[in-house]
Amino acid sequence: MLKQIGTTPIRRDHRASCHCGAVILEIHLPDGLPTPHRCDCSFCKRRGAIVAAVPAADLKVIRGKSALLKYSFGQQVAEHFFCGNCGIYTHHRRSTNPQEFGFNVGCLEGVNPYDLGEVPVADGGAWQSP
Ligand SMILES: [Zn+2]
């Protein structure tokens, strides 16, 4: 668990937003940020975001639910959400564990994801479809 990224402390309830500000999330991170990673599946390799995951109940869309668009592919388990206005990926329901949401670490308020240095790549090959 990361308690701080760069000079930004991870708050117990940390906000995250898309670029235009239409969508705001509140993510419950009582112990800090779970291990950030990248994924090499056919979708994530194009998206390129650094992600971390929390139990689904710990991520709430507090503004802009109607601005969110959803993309699913393959087995239609994962749901990738992005802002319909600015196009930024905010979070997704994970195909490997639908009880969890992954989210875009770069959307966290005050966080520069490049302060993380090298980020491990998770093997998304098992769900590399369509
Ligand atoms: Zn937006």
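Which residues touch the most other members of the largest nonpolar core? Hold on to that one for a moment, everyone, while I introduce the chain. Please keep in mind that this is a predicted model.

Let me begin with the overall layout. The chain has one helix and 12 strands. Going along the sequence, you meet them in the pattern β-β-β-β-β-α-β-β-β-β-β-β-β. The radius of gyration is 14 Å, close to the 14 Å that the globule rule gives for 130 residues, so the chain is as compact as a globular protein of that length. If you prefer a box, the C-alpha atoms fill one of roughly 40 × 35 × 25 Å along the principal axes.

Now for the inside. Of the 130 residues, 28% count as buried. Take the contacts between residues at least 6 apart in sequence: 60% of these join residues at least 24 apart.

Back to my opening question. The largest nonpolar core has 26 residues, and those that touch the most other members are Ala16, Leu25, Ile27, Val51, Ala52 and Phe103. Four strands, β4 (24-28), β6 (51-55), β9 (79-83) and β11 (100-104), each supply at least two residues of this core. Let's zoom in on Ala52. Setting aside neighbours within four places in sequence, Ala52 is in contact with Leu33, Pro34, Thr35, Pro36, Gly102, Phe103 and Val105.

Let's move along to Ile50. Ile50 sits in the loop between α1 (44-47) and β6. Is Ile50 buried, exposed or partly exposed? Ile50 counts as partly exposed, because it has 17 C-beta neighbours inside 10 Å. Not counting residues up to four places away in sequence, Ile50 touches Pro36, Arg38, Val105, Gly106, Pro113, Leu116 and Val119. You can also check a distance on your screens: Ile50 and Phe103 are 53 residues apart in sequence, and their C-alpha atoms lie 8.2 Å apart in space.

Next, a sheet. Three strands form an open sheet in the order β3-β4-β7, with antiparallel pairing. Its edge strands are β3 (13-17) and β7 (59-63), each of which pairs on one side only. From one strand to the next, the twist averages 30 degrees.

Within that sheet, have a look at β3 and β4. These two strands pair in the antiparallel sense over five bridges. If you would like a pair to find by eye, Arg15 stands opposite Glu26 in β4. The hairpin of β3 and β4 has six residues between the strands, and Gly21 in this hairpin takes a positive phi near 90 degrees.

And that brings me to one more backbone angle. Which residue has a positive phi although it is not a glycine? That would be Gln76, with a phi of about 65 degrees. You will find Gln76 in the loop between β8 (68-71) and β9. Gln76 counts as exposed, because it has 8 C-beta neighbours inside 10 Å.

To leave you with a short tour for the viewer: start from Ala52, one of the residues touching the most other core members, then look over to Ile50 in the loop between α1 and β6, and finish at Gln76 in the loop between β8 and β9. Thanks for listening, everyone!

Methods. Residues are numbered from 1 along each chain as its sequence is written. This is a predicted model: local features need pLDDT of at least 70, side-chain atom pairs count only at pLDDT 80 or more; totals for chains, interfaces and linings use all residues. The radius of gyration is taken over C-alpha atoms; the globule rule is 2.2 Å times the number of residues to the power 0.38. A residue is buried if 20 or more other C-beta atoms lie within 10 Å of its own, exposed if 12 or fewer, and partly exposed in between; C-beta atoms are placed from the backbone. Two residues are in contact if their C-beta atoms, placed from the backbone, lie within 7 Å. A nonpolar core is a set of buried Ala, Val, Leu, Ile, Met, Phe, Trp, Tyr and Cys residues joined through C-beta atoms within 7 Å. Two strands pair if DSSP finds at least two bridges between them. Axes are lines fitted to C-alpha atoms, for helices over the stretch in contact, and angles run from 0 to 180 degrees between N-to-C directions.
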